[in-house]
Amino acid sequence: MKFKGIMMLAWKNLWAHKLRALLTVGSVSIGVASIIFLVSLGFGLERMVTDQVANFDAFTILDIPSANLKTGKINQDAINRMKSVSHVVSTDEVVDLAGRVRLSTKDSTTETVVVAANPNFFKLSETLMSAGSIYNQDERDKVVINKALAGLIGFNDGKDAIGQKVNLDIIISSDLRPKDETEGPITKPVNNLIIIGVTEDDQNPMVYFPLNVAIENGVTNSTSVKLRVDDQKNIDQVRKAIENIGFSTEYVGDTVSQIAQIFSLFRIILGGFGAIALTVAALGTFNTLTISLMERIREVALLKTLGMNKKGIFKIFITESFTIGTMGGIFGIALGSAIGFGLNYFLAYLANRAGADPIAVYYSPAVFIIWIGVGSLIVGFLTGLYPAYRAVKVSALDVIRYE
């Protein structure tokens, strides 16, 4: 019998009992939808967390933290050696200091963290501005503060702090300046600084000013450096070169890799729950095809008597199982995707009402969808093997004799 005839016969036999066929296809659809939704939920959560950790630019940046130095200090000589490493595009030094700040119109002081850095630091560190702007590299009398510090010095609304003048006492430890006769930290005043910007950070009080100001006040060593590499694929090569110089490195890609490992395990667990539903559906499909064979055993015997070979009988039952797997896969993918996108829409609606940024916890890669579709076909094929094998083994003479 030709393929078209086998398809028509299999379709007719499958839908001879409509309710049973619908329940079987529905169970497969629910199993596939469970896997699609649960695993895609894992993909979505991983992407959401990863996006919070870093953007694409962050994957071309290496951090050299002073706290993890193997040898030496980050002085100008060390910076020059880092710049000489192949594929390093730029370096941005950062100096973290302690300090005290006060409004020029008041005597009370507030202790704060002081960060001396070039303007590019704000982009590399993904520091968000709440109001105002960032200082230029050559502006000696401009500073940026964060919301936390603005509140401590009397400005609940950060915008009110723009244009105000402050005096700053920076405390320079002995590790950040050349050897001198003075032991321990020294204090240097920097007065008449104008606040031109406020960052979103509202945790720890911080003030930012140009790196040149710190250098002019005797700072010679940096507390950390950010290296920009020309291409992400050269990160490993640059890391090895920097570590060979004697400095340790930190890379956001390491964090992302750890997140990926955690979420891979999470997806496996979620996929396991979905696989249980699909396994139950497969058993239902197997049961449906087995019952169908028992009900049609005389039909199988008649087909053999009329000359249909074993291969044709096998194809009829395998085609039925393939049909169940195909329809269950299509409807399951559609159902799982609809639930997922519906969840995204609902969360976006809630976020919009709350005035927050929308989040998407459901994300399903196209490759994953394809693999689930193929898996549904494989399940359909495997569940139809035994009933098809039983049908092939039916003896037409025995059936006619006992019937």
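**Reading a cavity and the packing of helices**

Biologist: Which helices each supply at least two residues of the lining of the largest cavity?

Modeller: In this predicted model, helix 1 (3-14), helix 2 (18-53) and helix 8 (252-295) each supply at least two residues of that lining. The largest share, three residues, comes from helix 8.

Biologist: How many cavities of 30 Å³ or more does the structure hold, and what volume does the largest cavity have?

Modeller: The structure holds one cavity of 30 Å³ or more, and the volume of the largest cavity is about 70 Å³. Of the 10 residues that line the largest cavity, those closest to its centre are Asn13, Leu14, Arg20, Thr288 and Ser292.

Biologist: How is the lining of the largest cavity divided by class?

Modeller: Sorted by class, the lining of the largest cavity has three nonpolar residues, four polar ones and three charged ones.

Biologist: Let us turn to a single helix. Why does the distance between the end C-alpha atoms of helix 10 agree with its number of residues?

Modeller: One begins with the expected rise of 1.5 Å a residue, by which the 45 residues of helix 10 (residues 310-354) should span 66 Å, and the end C-alpha atoms of helix 10 are indeed 66 Å apart, so the two values agree. After helix 10 comes glycine 355, whose phi is positive, near 75°.

Biologist: Are helix 10 and helix 11 roughly parallel or roughly antiparallel?

Modeller: The general idea is to look at the angle between the N-to-C directions of the axes, where angles over 145 degrees count as roughly antiparallel and those under 35 degrees as roughly parallel. The axes of helix 10 and helix 11 (residues 366-393) come within 7 Å and cross at roughly 150°, which makes helix 10 roughly antiparallel to helix 11. The crossing of helix 10 with helix 11 is right-handed, and the residues of their contact divide into 15 nonpolar, 11 polar and one charged.

Biologist: At what angle do helix 8 and helix 11 pack?

Modeller: Helix 8, which also appeared in the lining of the largest cavity, packs with helix 11 at an angle of about 25°, and their axes are 9 Å apart. Helix 8 and helix 11 are therefore roughly parallel to each other, and helix 8 passes helix 11 in a right-handed crossing.

How values were computed:
Residues numbered from 1 in each chain as written. Predicted model: local features only at pLDDT ≥ 70, side-chain atom pairs only at ≥ 80, totals over all residues. Heavy atoms only, no water. 1 Å grid on protein atoms, 1.4 Å probe; cavity = no way out; pocket = protein on both sides within 12 Å on 5 of 7 lines; lining within 4 Å. Points joined across faces, edges and corners; volume = space filled by probe spheres on them. Helix = DSSP H or I, 4+ residues; strand = E, 2+ residues; numbered from the N terminus. Nonpolar A, V, L, I, M, F, W, Y, C, P; charged D, E, K, R; others polar. Expected span 1.5 Å × (residues − 1). Axes fitted to C-alpha atoms, helices over the stretch in contact; angles between N-to-C directions. Parallel < 35°, antiparallel > 145°, perpendicular 65-115°, else oblique. Left-handed = near helix turned anticlockwise from the far one by under 90°.
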